[in-house]
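Got the coordinates loaded? Let's walk through a few strands, sheets and helix contacts by question and answer.

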Amino acid sequence: MSYDVDALARRLTGELRGEVRADSLGRALYATDASNYRVVPDVVVLPRDEADLVATLALARDAGAPVALRGAGTSMAGNALGGVVVDVSRHLDRILEIDPVARTATVQPGVVLGHLVSAAKAHGLTFGADPSSASRCTLGGMIANNACGAHSVAWGTTADNVRSLRVLTAAGGEARLDARDHLAAGGASADPEPALAEIHAAMERLGREHATLIGRRFGTFSRQISGYALQHLLPDRGVDLARLLCGSEGTLATTLEATVALAPLPPAVVLLTLGFPDAVSAARSVPTVLPHAPLTMESINATLVERLPDDTRRAAEAAGLPEGRMWLLVEIGGEDAQEARTRAAEVAEAVRDGIPGTTAAVVTDPAAQAVLWRCRRDGTGLATRRADGAEAWAGWEDAAVPPERLGDYLRALEELMARYDYSGASYGHFGEGCMHLRIDFDLVTDQGVRDYRSFVEQATDLVVSLGGSVSGEHGDGRARGGLLERMYGADATALFAEVKRAWDPQGLLNPRVIVDPPAVDVALRQHGHAQGFPERTTLAFSQDAGSFAQAQRRCVGVGKCIQTSGGVMCPSYQVTRDETHSTRGRARVLFEMMEGDVITEGWRAEEVRDALDLCLSCKGCVGDCPVNVDMATYKAEFTHQHYRGRPWARPRSHWSMGWLPALAKGAALAPGTTNALMRSRLAGALKRAGGIAADREVPAFAPRTFTSWFSREHTPARGEGRTPVLLWPDTFTTHLAPEVGRAAVAVLEDAGMEVHLPRGPVCCGLTWVSTGQLGVAQRVLRRSLTSIEPALRAGATVVGLEPSCTALFRHEAVELLPGDERAILAKAQVRTLAETLAEHAPGWEPPQLDQEAVVQVHCHQHAVLGFDADRALMERAGVRAEVPDSGCCGLAGNFGFEAGHEGLSRQIGERVLAPAVRGAAPSTAVLADGFSCRTQIADLTERRGRHLAELLAEGLSAPADRRA
């Protein structure tokens, strides 16, 4: 559509209170969703309130501009791309009312489902349709796509739970639509509101004239989501415009407000896990299970489980995942726990009787249930990479067939995939015949795209032959719109067009979705992506075939990083709620940098620099993102390339904090003088010169370094039978917190180890990596590995005390120095203190501390190292650890010290960590192994954080009766 984009952007900017973005960065952020498609928007609008939303649509209508309403952008079919993209998730996010008597909630379209579920839970209620993206998907988007979820087998789809909608028509009229079965006066039809009178009459006419076609092809089973839900126009049922709009993908009207039903939570729930040798066997169990009225019947396959992080997979097996290659997670409710267990046992027995070889486990512990549900919930992202690192995509993602035909579908689909030599990971809603798949399509090359289109067309024919739907949950969008005629026939798609014209004569609401769709292979974001972009990088990107472009394709937009609570990822987004500062947003901007038509300056692009500015390099995304997007590494590479050959352009903080290890050596010559200088009248000028925030107190350098104490004052424990270990003297421990090093030596020696330090100064290069000075980092790391090479080749364990430095050896070192055998050895041999004690001194009895503790887990430990060994050690030592879901402390090495970042840094720390520390009893220890974490705690509270080594060493020095 042709219209004056600049003029519309100016009018929107002048007349709205919300944010309007027509700049390259803003447009780049919204060029994709969670699908395979890319359509760059002309303008992006974030309305401040409903009045802004109404005004946006009016201005767009006057300009003749197409509009796509958008919630969290988690659509997997390309449902809301291009034109004027209106993001309602930022401000139109209020729960207006919860009525526990009527069991309803009234919400704005941007309300996140997880927030509604939390609010309803206080009344013993929930929302019945709960997709795995519940922590970020919005009710407006769910209505648009008629979202379903794990519990829809019991409580129905979103459409089944809509009671009324207040909408804005394409012509600008406002009206309230009640779902037909919830009209007043015993279900009697009410006269339509004036804004809908003509539309209502047109829908009644179409329902009468096409009743035979509609009755035969629409509403045939619960997961027939594709196209318009024309069954709601049939004369014998009465026109139900509210339900017609559910699943219309924003092409007919705009939701301003919705009232939805809430379902009562069962008093008790158990999780029955059923294991099968293959998917077809699992499908055969569906008719057996459904009569028992399960709350869920969800599948995951072995391919998906094998891609889980090691600790998650082990936890799932421990939680009750039985033997098998395909599993069903079947929730069973009851009036009490005993009834639920009894019912679950009955289901398990019935399935085992009908399908030999079935395994089963009844899981009652809520924590164990949560572990198993994580396997299913993270499937969307996990399935996008094969075990060998090859890419897999959503191109044939959520077709559904009647549940009794599911086994036939899966068997035939396997044969079709084999003909194309495709493989994939699956998960889905077996109870309703809906399967989600990630298949290793080649969407990059021309031939690969031709094969992809041929495959999905044949798969469509298969589904149609079984009475199914090409979309069983996520709508049609660009992924399936072009398949609708194969599914429904030309007469039905012509009827879709008549419906569209009646509601939206100008065709401005989300055009080319459902009606007049493009072919499924048009606008694929992967196709030809980054052609001509210089791929030379300093880091190896070994997990992505050495390709920076492939690394960026990891982000498929599922949006786990835009949840506003829980986990480490993404701390800056959790405070700002700005897409720019999410992991997904940054990945998109890097993607667009390589694409080159919106962001055109490549590595020199200031838009990319700005988007990465508030990335804390916390690595939370490495652990929390289902596909392990590693934004800290991408930022390090970009920053290195951005300032390559331009050292004068670097921020001053890169010189002051990036070179901290070198500066610390100088400070060690006269620590007293250095400390006095940083607290004198000159401190302000020195901070400004170093790009350090004026109100951040620079940590004091120790009067004696840890290495000096070890070589001059400590008498090492030596002797036969002791296990030699090499303690890594990182910069923070050596120069700023030597008490941690001394405590670690005491603990290791008490555990029967012989502690050594490297000969000469060493450094892992972390501060140079985090500031994108990768050439220096390589030289520093290479020199340090040379220093400890004899110990590495002898098989010695290297004990790390600072989590960020330890994680560098376990994660970045092999990327900085690809092919360096010493880096490979270090990755395997560098261990945390707790890991070292568990592996080399399993019989050691730690001091019995009988101590409560609030524990801040360092982000890099969470993402790379894991916390299991520390938790086990604390339990053995009698430390009752409370680990708040605080995420990043907010300081994150140099980030929180940099001028301009200090405010956000403290906001992140105040989100959970600081209140948790302040709320702890004075007798409760505050544990934080990370120097940054301890520094932030000291800055925000009156408490001092300690390293676990300090707490253990303190117990060792206690009288013997207290250690018993």
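Q: Which residue in β14 stands opposite glutamate 298?
A: One note before we start: this is a predicted model. Strand β13 covers residues 298–301 and β14 covers 326–334, and the two pair in the antiparallel sense over 4 bridges. Across from glutamate 298 in β14 you'll find leucine 329.

Q: And what is the bridge partner of serine 299 in β14?
A: We're still on the β13 and β14 pair, which is antiparallel. Step along to serine 299, and its bridge partner in β14 is leucine 328.

Q: Which residue of β16 does serine 299 stand opposite?
A: β13 also pairs with β16, running antiparallel to it, and 3 bridges join them. On that side, serine 299 faces glycine 428.

Q: Which residues of β13 point the other way from Glu298 and Ile300, and are they buried or exposed?
A: In a regular strand, side chains alternate between the two faces of the sheet. Glu298 and Ile300 share one direction from β13. Pointing the other way are Ser299 and Asn301, and all of these are buried.

Q: Which strands sit at the edges of the sheet that holds β13?
A: The sheet is open, has 6 strands with antiparallel pairing, and reads β15-β12-β14-β13-β16-β17. From one strand to the next, the twist averages 20°. The strands that pair on one side only are the edge strands, β15 (359–363) and β17 (434–439).

Q: Does alanine 360 count as buried or partly exposed?
A: Alanine 360 lies in strand β15. To be buried, a residue needs to be under 20% relative accessible area. Alanine 360 comes in at 28%, so it counts as partly exposed.

Q: How many Å separate the C-alpha atoms of alanine 360 and leucine 274?
A: Leave out neighbours within four places in sequence, and alanine 360 is in contact with Leu272, Thr273, Leu274, Pro322, Ala348 and Arg352. Leucine 274 is 86 residues away along the chain, yet the C-alpha separation is 4.5 Å.

Q: What should the 14 residues of helix α18 span, and how far apart are its end C-alpha atoms?
A: The helix runs over residues 406–419. At 1.5 Å a residue the expected span is 20 Å, which agrees with the end C-alpha atoms being apart by 20 Å.

Q: Which elements do the buried residues of α18 pack against?
A: The buried set in α18 is Leu406, Gly407, Tyr409, Leu410, Leu413, Leu416 and Met417. Just after the helix, aspartate 421 takes a positive phi of about 60°. As for packing, those buried residues meet α11, α12, β16, β17 and α19.

Q: Why do β19 and β21 each have one side without a neighbour in their sheet?
A: This open sheet has 4 strands in the order β19-β18-β20-β21, with parallel pairing. The average twist is 40° from one strand to the next. β19 (753–756) and β21 (830–832) stand at the edges, so each of them has a single partner strand.

Q: Which residue of β19 is the bridge partner of threonine 723?
A: β18 (residues 723–727) runs parallel to β19, with 4 bridges joining the two. In β19, threonine 723 is partnered by methionine 753.

Q: At what angle does helix α41 run to β21?
A: α41 takes in residues 833–840 and lies across β18, β19, β20 and β21. With respect to β21, the angle is about 100°.

Q: What is the handedness of the crossing of α35 and α47?
A: These helices pack at about 55° with their axes 8 Å apart. That makes α35 oblique to α47. The contact includes Ala743 and Val747 in α35 and Leu952 and Leu956 in α47. The crossing is left-handed.

Q: Is α44 oblique or roughly perpendicular to α46?
A: Helix α44 (residues 902–911) packs on α46 (residues 931–940) at about 90°, with axes 11 Å apart. Ser905, Arg906, Gly909 and Glu910 of α44 meet Gln936, Asp939 and Leu940 of α46. Angles from 65 to 115 degrees count as roughly perpendicular, so α44 to α46 is roughly perpendicular.

Q: How many residues of α46 are buried?
A: The buried residues include Phe931, Cys933 and Ile937. They pack against several elements, among them α34, α35 and β22. α46 is mostly covered, and of its 10 residues the buried number is 8.

Terms used: Residues numbered from 1 in each chain as written. Predicted model: local features only at pLDDT ≥ 70, side-chain atom pairs only at ≥ 80, totals over all residues. Heavy atoms only, no water. Pairing = 2+ DSSP bridges. Axes fitted to C-alpha atoms, helices over the stretch in contact; angles between N-to-C directions. Contact = heavy atoms within 4.5 Å. Expected span 1.5 Å × (residues − 1). Buried < 20%, exposed > 50% of the residue type's maximum accessible area, 1.4 Å probe, protein only. Parallel < 35°, antiparallel > 145°, perpendicular 65-115°, else oblique. Left-handed = near helix turned anticlockwise from the far one by under 90°.
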